Amino acid sequence: MKEKLINALAEALEMEPSQIKQLDTFRDYENYSSLTELSVLAMLDSDFGVEIEMEEFNKYKTVDNLIHLVSGNSSK
Amino acid sequence: MGLISYCNVGISGIAAAVPKQIINNYEHDLYFKKEDIKEIIDKIGVKERRFADKNTCSSDLCFAAATKLLDKMNISRDEIDLLIFISQTPDYRMPATSVLLQERLKLSTSTITFDINLGCSAFLYGLTVAYSMIIAGAVKKVLILDGETRSKVYSQKDRKTGFLFGDGGVAALIERGERFGKSWFSLNSDGSRESLIKINAGGYRNMSSNETVMENVVDEYGNIRSDENGYMNGADVFNFVIREVPKDFYRLIEYSGIEVPTIDYFVFHQANSYINGFLAKKLKIPKEKIPSTIEKYGNTSSVSIPLTIVSELKNKLDKHKRLLLSGFGVGLTWGTAVIDMDGCYITDIAEV
């Protein structure tokens, strides 16, 4: 699940998977913007079936947070 | 609830008008550098849009469309007994613009007129009101005039919204006819999300003042707007739409009992190409069944669904066709409809 999330996040942010570390704050990435945020939300929905309110999503800061999110939600 | 079905009432003709001034978005570098706006435009997919000039209102675009429609279809002005004007950019705060259009179009003084103040879902709301009034026996022919000059709402110095919206107006004639068969609608609202797309000042909660028209830098990106400009939280709207619009789609399909493959065209509100592309993928709809005008007219709010029908489906609705309509936006409000079209008269798009 960790690897799948990192690959999907890299694709959404147009980065290389090797640039993404579990303890990084993804919101601090240079490629994270209001535009690429849409790609992250889209990725969570289509790749992991995650439906999340923005108020909740805004609390997620790190790659590790996202791994936990998709591990709890995904049936895949 | 919010689920409604009708029998033997439908759209017999549609006309559209757009301003003649074309904004080429990639060249629209009044306040931002070309390389910065390219990233935005590539994502939202709006290459061109139309801007009304200072003297042109939503009502003027609708008037041009309505005149063309009534003349081409040879409909006498006396036959129209209900005129509904849909817009969030009316001529005045009062009187209602629909009343002004009754006079301009030389409709009878026995015409029922009122405005509907809703955004991107509003064409669906307008259809249900028109259909209901006809089914109730109150009226025979209804003119829905749906117009927007969103270019006057959003700050061109705010990159979150400055490249998205365009102007347009349509006129649709609604009447009885056995050829229309059954139609189904689902309509929804969620006022807890009222702040996601909003003009905060200029109404009666925060009345117009020197402060409300003052432009301010509003975020760390240097975007500039006033309290009387529109604001949109794109990520929150996107997140809501990708969750709720598919749910409503399936809710309506279940209610109607129809099979998705029997639908010939899926006409979505033209929000931006990223949202629309995502919805198409999630709903697994073939691309050739999804007409789009986001590239040439941008997001025209409530006008986008009928404008897309006029622009992309002219000459394709001569014979019986089934359409699914999906509108979503400010309010938030959203809705889905399945309607049958048969011999719908569609004009060329007029330029004003």
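Begin by selecting Phe32(B) in this predicted model, and ask whether this residue is buried, partly exposed or exposed. Phe32(B) has 18 C-beta neighbours inside 10 Å, and because a residue needs 20 or more to be buried and 12 or fewer to be exposed, Phe32(B) counts as partly exposed. If you colour the neighbourhood by secondary structure, you will find Phe32(B) in the loop that lies between strand 3 (22–24) and helix 1 of chain B.

Keep Phe32(B) on screen and add Ile37(B) and Arg159(B), which are the residues that Phe32(B) touches once those up to four places away in sequence are left out. Then select Lys157(B), which is 125 residues apart from Phe32(B) in sequence, although the two C-alpha atoms are 7.9 Å apart in space.

**Chain B as a whole**

Now zoom out and show the whole of chain B as a cartoon, where you can follow 8 helices and 18 strands. The radius of gyration of chain B is 19 Å, close to the 20 Å that the globule rule gives for 352 residues, so chain B is as compact as a globular protein of that length. If you turn the chain along its principal axes, the C-alpha trace spans about 55 × 45 × 35 Å.

How much of chain B counts as buried? The share is 48% of its 352 residues. The pair you have just selected also leads to a wider question about contacts: among those in chain B between residues at least 6 apart in sequence, 78% join residues at least 24 apart.

**Two helices inside chain B**

Next, select helix 5 (residues 234–256) of chain B together with helix 6 (273–283) of the same chain. Their axes come within 10 Å and cross at roughly 40°, and helix 5 and helix 6 of chain B are therefore oblique to each other. The crossing of these two helices is right-handed.

To see what fills the contact, show the side chains of Phe238(B), Val241(B), Ile242(B), Val245(B), Pro246(B) and Phe249(B) in helix 5, which meet Ile275(B), Phe278(B), Leu279(B), Lys282(B) and Leu283(B) in helix 6. Sorted by class, the residues of this contact divide into 10 nonpolar, no polar and 1 charged.

**Chain A as a whole**

Hide chain B for a moment and show chain A, which has 4 helices and 0 strands, and which, read along the sequence, follows the pattern α-α-α-α. For 76 residues a compact globule would have a radius of gyration near 11 Å, and the 11 Å of chain A agrees with this. The C-alpha atoms of chain A fill a box of roughly 30 × 25 × 20 Å along the principal axes.

Buried residues make up 25% of the 76 residues in chain A, and of the contacts in this chain with a separation of 6 or more, 61% are between residues 24 or more positions apart.

Within chain A, select helix 1 (residues 2–12) and helix 2, whose axes come within 9 Å and cross at roughly 145°; helix 1 passes helix 2 in a right-handed crossing. Here Ala8(A), Leu9(A) and Ala12(A) in helix 1 meet Thr36(A), Ser39(A), Val40(A), Met43(A) and Asp47(A) in helix 2. By class, this contact has 5 nonpolar, 2 polar and 1 charged residues.

**Where the chains meet**

Bring chain B back and look at the two chains together, where 14 residues of chain B are in contact with 10 residues of chain A. Helix 1 (34–44), helix 5 and helix 6 of chain B each supply at least two residues of the side that touches chain A. Which of them gives the largest share? It comes from helix 5 of chain B, with 7 residues. The residues on this side of chain B divide into 6 nonpolar, 2 polar and 6 charged.

For the last stop, select helix 2 (residues 34–48) of chain A and helix 5 of chain B, whose axes come within 9 Å and cross at roughly 20°; these two helices are therefore roughly parallel to each other. Helix 2 of chain A passes helix 5 of chain B in a right-handed crossing.

In this contact, Ser34(A), Glu37(A), Leu38(A), Leu41(A), Ala42(A) and Asp45(A) meet Gly234(B), Ala235(B), Phe238(B), Asn239(B) and Ile242(B). By class there are 6 nonpolar, 3 polar and 2 charged residues in the contact.

Methods. Residues numbered from 1 in each chain as written. Chains lettered and ligands numbered in written order. Predicted model: local features only at pLDDT ≥ 70, side-chain atom pairs only at ≥ 80, totals over all residues. Rg over C-alpha atoms; globule rule 2.2 N^0.38 Å. Contact = placed C-beta atoms within 7 Å. Axes fitted to C-alpha atoms, helices over the stretch in contact; angles between N-to-C directions. Parallel < 35°, antiparallel > 145°, perpendicular 65-115°, else oblique. Left-handed = near helix turned anticlockwise from the far one by under 90°. Nonpolar A, V, L, I, M, F, W, Y, C, P; charged D, E, K, R; others polar.
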